[in-house]
Amino acid sequence: MPDRLPLALRLYQFASFAVAPAAPHLLARRLQRGKEHPQRLAERRGEASRPRPDGPLIWVHGASVGEMLAVVPLIERLCGQNFAVLVTSGTVTSAALAEHRLPAGTMHQFIPLDAPRFVGRFLDHWRPDLALFVESDLWPNLIVESARRRVPMILVNGRLSERSYQRWRRVPAVIAALLSRFDLCLTQSAADAQRYGELGAPRVTMTGNLKLDVPAPPVDEAKLRQFKLAIGNRGRFHP
């Protein structure tokens, strides 16, 4: 794993450190627009609202609803193996989804803003034994600091559109420095695997799209029966 970061990433680290004092103002503006949870703003500064459980902890991060839904079956399997699971995301809707779709006992926290002090505070508290990043939400400080602390990291359900691939190719040293810190990248397709490999991921495997394994959302069976009775045969196709 490379120790020295490219200049662009070092400048990013410096800038994110310098603007961290403005975080309360940023969060207040996002709160006014309904993009933050009013009772959980501290989590965005890396301040945990729950204690860390004893024993091994697996951390799963997905940006929003789609990414979280994709890994519900995976999280269920991890919980079934008696692992403690921490799930992080960055949107209010994903937090609401976590309450209803994640297995009992799974912990949800908002991902901290990507500033060194917030990331460090988050990792100091949770001390994950394994980190799973879903799809393509790559925050530089989060990845670099997790790697520095020797947290094993796996990208799951990875995807990279041709447009994003071409954009990353303009800063090859930056994306290579991030992807090289992952122990494994598991992608949705062979095309995704090829793009990640060309951008610097050292170990890439195509495993398919996890979203195809997501179970149907829960329904109220009584209301479903009423709905079927109401529509009768009108919903059926008659040749």
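The exercises below, each with a worked solution, concern a predicted model of a protein.

**Exercise 1. Describe the overall make-up of the protein: how many helices and strands does it have, and what share of its residues counts as buried?**

Begin with the secondary structure, where the protein shows 11 helices and seven strands. Next turn to burial, for which the chain of 239 residues gives a share of 44% counted as buried. Finally consider how the chain folds back on itself: among contacts between residues at least 6 apart in sequence, 68% join residues at least 24 apart.

**Exercise 2. Locate the largest cavity: which residues line it, and which elements give two or more residues to the lining?**

A search of the whole structure finds one cavity of 30 Å³ or more, and the space in the largest cavity comes to about 30 Å³. The residues that line this cavity are V60, H61, G62, E67, M68, V71, V87, T88, S89 and V134. Sorting them by element, one finds that strand 1 (57-61), helix 3 and strand 2 (84-89) each give two or more residues to the lining, and that strand 2 gives the most, with three. Sorting them by class instead, one counts five nonpolar, four polar and one charged residues.

**Exercise 3. Examine E67, which is among the residues lining the largest cavity: which side chain of opposite charge is nearest to E67, and how far away is it?**

The first step is to place E67, which is found in helix 3, spanning residues 65-70. The second step is to list its contacts, which, once neighbours within four places in sequence are left aside, are with G62, V134, E135 and R159. The third step is to look at charge: E67 is buried, and its nearest side chain of opposite charge is that of R159, 4.2 Å away. A salt bridge requires a nitrogen-to-oxygen distance within 4 Å, and E67 has no salt bridge.

**Exercise 4. Follow R159 further: with which residue does R159 meet in a salt bridge, and why does the pair tie together parts that are apart in sequence?**

The partner is E135, with a distance of 2.6 Å from N to O. R159 belongs to the loop between strand 5 (153-158) and helix 8, while E135 belongs to the loop between strand 4 (130-134) and helix 7, so the salt bridge ties together parts that are 24 residues apart in sequence. The two residues can then be classed by accessibility, for R159 is partly exposed because its relative accessibility is 35%, whereas E135 is buried because its value is 0%.

**Exercise 5. Compare other salt bridges: where do E162 and R195 lie, and which residues are linked with D124 in a network?**

The structure holds 12 salt bridges, one of which joins the side chains of E162 and R195 at 3.4 Å from N to O. E162 lies in helix 8 and R195 in helix 10, so this pair ties together parts that are 33 residues apart in sequence. In terms of accessibility, E162 is partly exposed at 38%, while R195 is buried at 19%. A further pair is R40 and E43, whose closest N and O atoms are 2.8 Å apart, and both R40 and E43 are buried. As for the network, D124, E145, R148 and R149 are linked in it by salt bridges.

**Exercise 6. Consider two helices: which residues of helix 4 and of helix 9 are buried, and what covers them?**

In helix 4, which spans residues 72-80, the buried residues are V72, P73, I75 and L78, and what covers them includes strand 1, helix 3, strand 2, helix 5 (92-101) and strand 4. In helix 9, which spans residues 172-179, the buried residues are V174, I175, A177, L178 and L179. The cover of these residues includes helix 1 (7-19), helix 7 (140-148), helix 8 (162-168) and helix 10 (190-199).

**Exercise 7. Study the backbone at N82 and R150: what is the phi of each, and where do they lie?**

As background, most residues other than glycine have a negative phi. N82 is not a glycine, yet its phi is positive, at about 70°, and N82 lies in the loop between helix 4 and strand 2. R150, likewise not a glycine, has a positive phi of about 60° and lies in the loop between helix 7 and strand 5. To complete the solution, N82 counts as exposed because its relative accessibility is 72%, and R150 counts as exposed at 72%.

Note on methods
Residues are numbered from 1 along each chain as its sequence is written. This is a predicted model: local features need pLDDT of at least 70, side-chain atom pairs count only at pLDDT 80 or more; totals for chains, interfaces and linings use all residues. Side-chain values use heavy atoms; hydrogens and water are left out. Helices (H or I, at least four residues) and strands (E, at least two) are DSSP runs, numbered from the N terminus. Buried means under 20% relative accessible area, exposed over 50%, partly exposed in between (1.4 Å probe, protein chains only). Lys and Arg count as positive and Asp and Glu as negative; His and the chain ends are not counted. Contact means heavy atoms within 4.5 Å. On a 1 Å grid over the protein atoms alone, a cavity is a set of points where a 1.4 Å probe fits but cannot get out, and a pocket is an open set with protein on both sides within 12 Å along at least five of seven lines; lining residues have an atom within 4 Å of a point. Grid points are joined across faces, edges and corners, and a volume is the space filled by probe spheres set on the points. Ala, Val, Leu, Ile, Met, Phe, Trp, Tyr, Cys and Pro count as nonpolar, Asp, Glu, Lys and Arg as charged, and the others, Gly among them, as polar.
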